[in-house]
Amino acid sequence: MTETNSTECALEVRGLSRTFGARKALDKVEFDLPQGAFLSIFGPNGAGKSTLLKVLSTLTTPSKGTARVLGLDVVADAVALRERMGLISHNPLLYPDLSAEENLEFFAEIYCLENPKERIRELLVAVELDHRRLDLVRTFSRGMLQRLSIARALLHAPEIIFLDEPYSGLDPHAMDILDSLIAQVREQHTFVMVSHDLSKGLELCSHALILAKGAVVLFEERDNIDADEFAATYRATVGMGVA
Amino acid sequence: MAPPKRMSGWRQFKAIIRKDIVMELRTKEMLTSMGLYALLVLVVYYIALSQAGANFQVRQIAAGLLWLVFIFTSLLGLNRSLVHEKDQGCLDALLISPIDRPVIFFGKAVGNLLFLLIVEVFIVPLFYFIFLGSQSNADVGGPVWMIVLALFLGSLGIAGVGTLLATMSVNTKGKDFILAVLFIPLMFPLLLAVVAGTSAVLLAEPGYAAVFWQMMALAAGYDTVMLLAAYGLYEFVLGA
């Protein structure tokens, strides 16, 4: 395991590139993110947002450059890093033929948690699904799936949470619940969210990043961002085409 | 808040198998499709062989017929086992968890082996009673445990290689086609060994035991090499 000295840095990305054949999905991406920050990543379709999230969450490896998450290299220290991160996707990442409780029990075993029953109960109550804990996940609505998905991601108390379009397909009530759940755990975690929703992304973030054609167009702290200027920059990137 | 414990591959391995069994008991997708397909093939065999005339000795080709059922039946199950993981992005949930990739491989392979063995438990006796039990020489031939050993070694190879190939093909567009195209040629050495071994026991001709052990050694060697290769390649195959 290769810990860095800069322990206050949640993300350190240096010259990160990822190619698929001749196509550059990520092109020399560089930025640092402090611990406890909330990074919103914006960009048009095909800009490389999801690829960046996949590299940071160890689902794919970079072609060039390095990325360190919580001081751990995403390639060399991938297993150690996976113990400390969670992923909430627009896909629920849950088994439809298991109950809510069985899904969480399964992932508790995968993360080798001690006293998983207590933790599972606590999380099911937090996401307001305790009354449906024995129901099969295939009977859940989109909002319920997303709430359970949050419980799954928080099960092992990760330090950094990756969110891939978490609001996609949610009704306003389900969005409110997701907002409140994120607010509850906001202080103790670093968040990295990929989103198309400018207003939601800016509302939540402490830092914002715009990607276009796989490269960083803008990376700025929220306090230094003017929403109108940011929206104009974002709109300009949409015309830049895909990576 | 419960702190994570030191990762235990054995605990994760058991969790994957338990999850697959619970899901299969609930949906019965794999066992039903595999069982029905195997039954249908037996019916087709019965119709075809009933045209062959009274002098035709089914026993001469019984081992080949039996393994043909299992090879094609296993393809159905292997496809389903990984599609379950892929459907709702569950494979990604496993891949971002601190689990060694070979643990996922062995968990899925043992689950596939278990389901194939369950189908065999029903199909082998049925095959015997339909095609061999009614003949004048209704004995199995050699000892039954030899047949069981051949079935186990054959199924082990099918589950191991099949799980690796199903993982490779699950991300492709024509996954059913690709699995079949890769699976059958790769299985050829194992099929040769288990068909010859099973046939030797069913025919029980002089010196059959030596042929049987020779074939079982080939099957065991194939299983060992392929399982080790799958163990080594699984992380690469998963692409993470």
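In which sense do β3(A) and β8(A) pair, and over how many bridges? The two strands pair in the parallel sense, over four bridges. This report describes a predicted model, beginning with the sheet to which these strands belong.

**The six-stranded sheet of chain A**

In chain A, six strands form an open sheet in the order β6-β7-β8-β3-β9-β10, and their pairing is mixed. β6 and β10 (215-221) of chain A are the edge strands, each pairing on one side only. On average, neighbouring strands of this sheet are turned by 15 degrees against each other, direction ignored.

Three of the pairings may be set side by side.

| Strand pair | Sense | Bridges |
|---|---|---|
| β7(A) and β8(A) | parallel | five bridges |
| β3(A) and β8(A) | parallel | four bridges |
| β3(A) and β9(A) | parallel | four bridges |

Individual residues give the register of these pairs. Between β7 (residues 160-164) and β8 (residues 190-194) of chain A, A:Phe162 stands opposite A:Val192. A:Val192 is also the bridge partner of A:Leu39. On the β9(A) side, A:Ile41 stands opposite A:Leu209.

Strand β3(A) merits separate attention. Five of its five residues are buried, so β3(A) is largely enclosed by the rest of the structure. In a regular strand the side chains alternate between the two faces of the sheet. In β3(A), one side carries A:Phe38, A:Ser40 and A:Phe42, while A:Leu39 and A:Ile41 are on the other; all are buried, and both faces of the strand are thus covered.

Helices also pack on this sheet. Helix α5 (residues 142-154) of chain A lies across β6 and β7 of chain A and runs at about 165 degrees to β6(A). Helix α8 (residues 227-238) of chain A touches β3 (38-42), β9 (207-212) and β10 of chain A, and its direction makes about 20 degrees with that of β9(A).

**The four-stranded sheet and the nonpolar core**

A further open sheet of chain A has four strands in the order β2-β1-β4-β5, with antiparallel pairing. Its edge strands are β2 (23-34) and β5 (72-73) of chain A, each of which pairs on one side only. Strand β4 (residues 64-69) of chain A pairs with β5(A) in the antiparallel sense over two bridges; here A:Val69 has A:Leu72 as its bridge partner.

Which residues have the most contacts inside the largest nonpolar core? They are A:Leu39, A:Leu56, A:Val69 and A:Val192, in a core of 147 residues. Beyond residues up to four places away in sequence, A:Val69 touches A:Ala10, A:Leu11, A:Leu56, A:Val74, A:Leu81, A:Met85 and A:Ile160.

**Helix α6 of chain B**

The element that gives the most to the largest nonpolar core is α6(B), with 14 residues. At 1.5 Å a residue, the 26 residues of this helix (residues 144-169) should span 38 Å, and its end C-alpha atoms are 36 Å apart, which agrees. The helix is mostly covered, with 22 of its 26 residues buried.

B:Gly160 lies in α6 of chain B. B:Gly160 has 26 other C-beta atoms within 10 Å; the residue is therefore buried, the cut-off being 20 or more. Leaving aside neighbours within four places in sequence, B:Gly160 is in contact with B:Ala109, B:Asp223, B:Met226, B:Leu227 and B:Ala230. B:Gly160 and B:Ser81 are 79 residues apart in sequence, and their C-alpha atoms are 13 Å apart in space.

**The contact between the chains**

How many residues does each chain bring to the contact? Chain A contributes 32 residues and chain B contributes 28 residues. On the chain A side, the elements that give two or more residues are α2 (78-82), β6 (85-89), α3 (100-110) and α4 (116-126). Of these, α3(A) gives the most, with four residues. The chain A side divides into 17 nonpolar, seven polar and eight charged residues.

A:Ile110, found in α3 of chain A, illustrates the contact. Not counting residues up to four places away in sequence, A:Ile110 touches B:Gln12, B:Ala15, B:Leu94, B:Ser97 and B:Ile99. A:Ile110 is buried, with 23 other C-beta atoms within 10 Å. From A:Ile110 to A:Ser40, the separation is 70 residues in sequence and 29 Å in space, C-alpha to C-alpha.

Conventions:
Residues numbered from 1 in each chain as written. Chains lettered and ligands numbered in written order. Predicted model: local features only at pLDDT ≥ 70, side-chain atom pairs only at ≥ 80, totals over all residues. Contact = placed C-beta atoms within 7 Å. Nonpolar A, V, L, I, M, F, W, Y, C, P; charged D, E, K, R; others polar. Pairing = 2+ DSSP bridges. Axes fitted to C-alpha atoms, helices over the stretch in contact; angles between N-to-C directions. Expected span 1.5 Å × (residues − 1). Buried ≥ 20, exposed ≤ 12 C-beta atoms within 10 Å, placed from the backbone. Core = buried A, V, L, I, M, F, W, Y, C linked by C-beta atoms within 7 Å.
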